[in-house]
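Work through the exercises below with the sequence and coordinates open. Try each task before reading its solution.

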Amino acid sequence: MVEYKDGKKILTTPISAEDLAGIKIGDIIYLSGSLTTCRDVAHRRVVEEGREIPVDVRNNAILHAGPIIRPLENDKFEMVSVGPTTSMRMEKFEYEFVKTTGVRVIVGKGGMKEQTAAACKDFGCIHAVIPAGNAVVAAVAVEEIVRAEWRDLGMPETLWNCRVKEFGPLIVSIDAQGRNYFEEKKIEYNKKKDEQVELISRQVGFIK
Amino acid sequence: MTYEEQVQKMTEMMAKFVGHTGKKLPDDVIAKLEELREKEDSPLATVIYDTMFRNQELAVKLDRPSCQDTGVLQFWVKCGTRFPLIDKLESLLKEAVVKATFETPLRHNSVETFDEYNTGKNVGKGTPTVWWDIVPNSDKCEIYTYMAGGGCTLPGNATVLMPGEGYEGVTKFVLDRMTSYGLNACPPLLVGVGVATSVETAALLSKKALMRPIGSHNPNERAAKMEKLLEDGINSIGIGPQGMGGKYTVMGVNIENTARHPSAIGVAVNVGCWSHRRGHIIFDKDLNYEITTHSGVKL
């Protein structure tokens, strides 16, 4: 479901492909509902080992992150700090992961490449970044850690299934049309870099 | 105080200081981020800076690490030969990290290589990293602390250039790293560059360069000029906060240098993220301390 509140565009799980249709790269959105941390080894288990993911992420969201968790009583946990990790590490697995799990929103850090963009286009999904290094802003948007699965992977890699409220800001980096913000920007950056290398090189001929 | 009590006291103070640096940024970093925030006007850059400042406020208010990746702890010590606790320094720093890991809390970031398991204590073989500079005839001990997060460790690179490649080659080496890995390293970055004689001398200098205050300059006029050229050059690429575009990509470029072999230019680059968790504390022989990076801290 998509709704607007106090000028914020909020996606609430469960999310449909239609909900994502009006969202474009560079848009700022917020997420409410089910968000599960999921990173390297969990992707490997789903894609390479063919194991069924123990938290249903279909029409929900995942977060590439390894949080700091504080255990509470009665098998409950508190989210102390959580922030995104480099999404590119999951690029290798993401097409199959989206296809298998039906996840709609992937939150992480930095860009991803062709395989993820193809998955977003083929299956109706988006990738968004939450400004990294802002672990407390992200943690206070976690209302409850509902479940913890694959705990054998240790604190950073466990699937922490969270109920979040207005988690964000999330900046859309790949939209469901498959457009890729970072890849488009990189062309611009590399062109400017070549110009600057030339410009600086003319001024640092110290070896004569 | 007995010797053991002194060791205990310094361990506790270092654990507290390390914990504090994970929750509050150094004064120079905060000032620079405030300056850069004012100069950006795009909607994305604005929302990113607003989030960053809200996060730093919440971290202090809720007494939590501001970034979940509290890094591998690295210490650069400049220890006087007559500092009373010199023999215990390395072991007490390790103990301080374990203590800080549970008290702060810090993330468990020490994975033993080859055996490939997380020690769960944030220390392991050779971690925390301790670099020693021995200072003759001094009874003081100066310690730089640094939380080396994964994201900003990744762009690190070192090579040896042929003299024919010159400082033009150094420029290309540094700028290439910014567009390939810099985007993901949480800009605005502090960029450390080492120019020396081999990979390891350049690499160590590139990290020590990150300990220098933002806005400081290399005492060599040409090196200082190159710092400014690289700073302006990287900013002109337009990577901006979080790599999403903006006018300012770096908080500064610090170059450290040594002489070199006539046939080689060792060069290395290391970056610190916007959440540049660097601390600096100086102890005298009685464990009175001065903190230069963070104002208003009582240990």
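The model is predicted.

**Exercise 1. Locate the cis peptide bond that precedes Pro128(B), and place Pro128(B) in its chain.**

Solution.
- Step 1: check omega. The bond between Thr127(B) and Pro128(B) is cis, with omega about 0°.
- Step 2: find the element. Pro128(B) sits in the loop between strand S3 (117-118) and strand S4 (129-135) of chain B.

Now repeat this for chain A. Thr13(A) and Pro14(A) are joined by a cis peptide bond, omega about 0°. Pro14(A) belongs to the loop between strand S2 (8-12) and helix H1 (17-21) of chain A.

**Exercise 2. Asn74(A) has a positive phi; decide whether Asn74(A) is buried or exposed.**

Solution.
- Step 1: read phi. The value is about 55° for Asn74(A), although this residue is not a glycine.
- Step 2: locate it. Asn74(A) lies in the loop between strand S5 (68-71) and strand S6 (77-81) of chain A.
- Step 3: count neighbours. Asn74(A) has 4 C-beta neighbours inside 10 Å, so it counts as exposed. The cut-off for exposed is 12 or fewer.

**Exercise 3. Do the same for Gln242(B): buried or exposed?**

Solution.
- Step 1: read phi. Gln242(B) is not a glycine, yet its phi is positive, about 60°.
- Step 2: locate it. Gln242(B) is in the loop between helix H8 (221-237) and strand S8 (250-257) of chain B.
- Step 3: count neighbours. Gln242(B) counts as buried because 29 C-beta neighbours lie inside 10 Å. The cut-off for buried is 20 or more.

**Exercise 4. Give the strand order of the four-stranded open sheet in chain B, then add the helices that lie across its strands.**

Solution.
- Step 1: order the strands. The order is S6-S9-S7-S8 (chain B), with mixed pairing.
- Step 2: find the edges. Strand S6 (157-161) and S8 of chain B each pair on one side only.
- Step 3: inspect one pair. S6(B) and strand S9 (residues 265-272) of chain B are antiparallel over five bridges. Thr159(B) faces Val267(B) in S9(B).
- Step 4: add the helices. Helix H6 (residues 166-180) of chain B lies across S6, strand S7 (189-196) and S9 of chain B, at about 25° to S9(B). H8(B) lies across S7 and S8 of chain B, at about 150° to S8(B).

**Exercise 5. Judge how compact chain A is against the globule rule.**

Solution.
- Step 1: list the elements. Chain A has six helices and 10 strands.
- Step 2: compare radii. The radius of gyration of chain A is 19 Å, close to the 17 Å from the globule rule for 208 residues, so chain A is as compact as a globular protein of that length.
- Step 3: check burial. Of the 208 residues of chain A, 51% count as buried.

Technical notes: Residues are numbered from 1 along each chain as its sequence is written. Chains are lettered from A and ligands numbered from 1 in the order in which they are written. This is a predicted model: local features need pLDDT of at least 70, side-chain atom pairs count only at pLDDT 80 or more; totals for chains, interfaces and linings use all residues. Helices (H or I, at least four residues) and strands (E, at least two) are DSSP runs, numbered from the N terminus. The radius of gyration is taken over C-alpha atoms; the globule rule is 2.2 Å times the number of residues to the power 0.38. Two strands pair if DSSP finds at least two bridges between them. Two residues are in contact if their C-beta atoms, placed from the backbone, lie within 7 Å. Axes are lines fitted to C-alpha atoms, for helices over the stretch in contact, and angles run from 0 to 180 degrees between N-to-C directions.
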